[in-house]
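Reader: I should like to go through this structure with you, beginning with its surface and ending with its charged side chains. Please give the reasoning with each reply.

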Amino acid sequence: MKFLWVGIVVVLVFTKWANGFEEHSFNETELSWLEGYGESKAAVTGVMVGLTLIPGAGAKGAVCLDGTLPGYHLHRGYGSGANSWLIQLEGGGWCNTIRNCVYRKTTRRGSSKFMEKQLLFTGILSNKAEENPDFFNWNRVKLRYCDGASFSGDSENKAAQLQFRGQRIWLSAMEDLMSKGMRYAKQALLSGCSAGGLASILHCDEFRGLFSRSTKVKCLSDAGLFLDAADVSGGRTLRNLYGGVVGLQGVQQTLPRICLNHLDPTSCFFPQNLINSIKTPLFILNAAYDSWQIQSSLAPPSADPHGYWKNCRLNHAKCSPKQIQYLQGFRNQMLNVVKQFAQSDKNGLFINSCFAHCQSERQDTWFADNSPVIRNKAIALAVGDWYFERTGVKGAKAVDCPYPCDNSCHNLVFQRA
């Protein structure tokens, strides 16, 4: 399928979006648009995959925020991929207060009652070789996200009737999938987008531990490199959010000890403090000018009360030279964060200079006629070459030149309705 998009225009009612941001503080509105856009049934053909609820999860206390059963979508592999497994962890923000976790219970991000009964598998989940050359015939799973803490909390609030059981959901899902054949995997890849990309980092070594040493196991984090960065007011919007998530949802007890030995729990929820100690091969895919981080971490309305960043936040073409300079500083911070990580032979990297968020699940950015490229290589081929070790060490590390040099980007542009 040919995609003729120069940029992708997402039409939002900005006033509603802004109010949702202030009211629900990062819970899902922005991320749903950013992750899902480009997957419409009219634009993309693909296989629809049904939702499976995990029957034994309830007995283990592995439940969504509202106490309903968690679930996943599984499309079976075949042929050469029959014993290969790809697990994609769904994203969708976080909830950091009782109030916005209670709200989240009324959405698919907090209850399986509201989850789509079928999902379209595209991009890295596609079952077509021409759309997904290396993983099309693998067993492909999308694990739904309904805990609000990147599959990592373990607590509850009885008064508000909230279950924070992300870690138990993760363990219950893995146990169920192992019983359905994943225990025989010869190859496995744990992937995830956004909050799911953070989860793939948090659970990467755990995932490796499920399999025998003879199984090839690697991890991919797409748009999960959330930086501990100052916002435009000098505040720490994302750090404050993460502090709420970690404290409310009992995340501390599930975080890696190697990090907690020298840093506070909130710092250990930031991937920059985790990636260098992960033993399992990891591939980081991220836009240098991550759309979600610009809108919700660097320049959210709460840090920009006079609206100086409003137009730039919605459309990078409307950023002033000074604002672009600020965003170049963010890119530099990201490159500094991955510097040590990139020195390891086992790891992979694809940092493109785009205004985007989540590029592995959307067909137009994963693998299509005009997909984003670095050195003429699309994301799907970069990930495949790294996973199957088809290129040398240097070939697995791709960092784009700074904006505006890359004309292959599918930049996200938000417009007021």
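Reader: What share of the exposed area do carbon and sulfur atoms supply?

Author: This is a predicted model. Its chain exposes about 15,600 Å². Of that area, the part supplied by carbon and sulfur atoms is 52%.

Reader: Over which residues does pLDDT stay under 50?

Author: The mean pLDDT of the chain is 90, and 88% of its residues reach 70 or more. One stretch stays under 50, although the model has 122 contacts beyond four places in sequence for it. That stretch is residues 1–42.

Reader: What percentage of the residues count as buried?

Author: The chain has 14 helices and 16 strands. Among its contacts between residues at least 6 apart in sequence, 77% join residues at least 24 apart. Of the 417 residues, the buried share is 61%.

Reader: How far apart in sequence are the parts that lysine 142 and glutamate 361 tie together?

Author: These two residues form a salt bridge, with the closest N and O atoms 2.7 Å apart. Lysine 142 lies in strand 6, whereas glutamate 361 lies in the loop between strand 12 and helix 13, so the pair ties together parts of the chain well separated in numbering: the distance is 219 residues.

Reader: Are lysine 142 and glutamate 361 buried or exposed?

Author: The term buried requires a relative accessible area under 20%. Lysine 142 and glutamate 361 both fall in that class: buried.

Reader: Is glutamate 389, the partner of lysine 218 in a salt bridge, buried or exposed?

Author: The side chains of lysine 218 and glutamate 389 meet at 3.1 Å, N to O. The pair links strand 10, which holds lysine 218, to the loop between helix 14 and strand 15, which holds glutamate 389, 171 residues apart. Lysine 218 counts as buried because its relative accessibility is 5%. Glutamate 389 has a relative accessibility of 54% and therefore counts as exposed.

Reader: Which helix holds arginine 239, the residue paired with aspartate 264?

Author: Aspartate 264 and arginine 239 meet in a salt bridge of 3.6 Å, N to O. Aspartate 264 lies in the loop between helix 8 and strand 11, and the pair ties together parts 25 residues apart in sequence. Aspartate 264 is partly exposed at 34% relative accessibility, and arginine 239 is partly exposed at 23%. Arginine 239 lies in helix 7.

Reader: Which residues are joined into one network by salt bridges that share partners?

Author: The structure holds 20 salt bridges. Those that share partners join into one network Glu90, Arg108, Arg109, Glu116 and Arg144.

Note on methods:
Residues are numbered from 1 along each chain as its sequence is written. This is a predicted model: local features need pLDDT of at least 70, side-chain atom pairs count only at pLDDT 80 or more; totals for chains, interfaces and linings use all residues. Side-chain values use heavy atoms; hydrogens and water are left out. pLDDT is the predictor's confidence in each residue, from 0 to 100. Contact means heavy atoms within 4.5 Å. Helices (H or I, at least four residues) and strands (E, at least two) are DSSP runs, numbered from the N terminus. Buried means under 20% relative accessible area, exposed over 50%, partly exposed in between (1.4 Å probe, protein chains only). Accessible areas come from the Shrake-Rupley method with a 1.4 Å probe; for residues, only the protein chains shown count as cover. A salt bridge is a side-chain nitrogen of Lys or Arg within 4 Å of a carboxyl oxygen of Asp or Glu.
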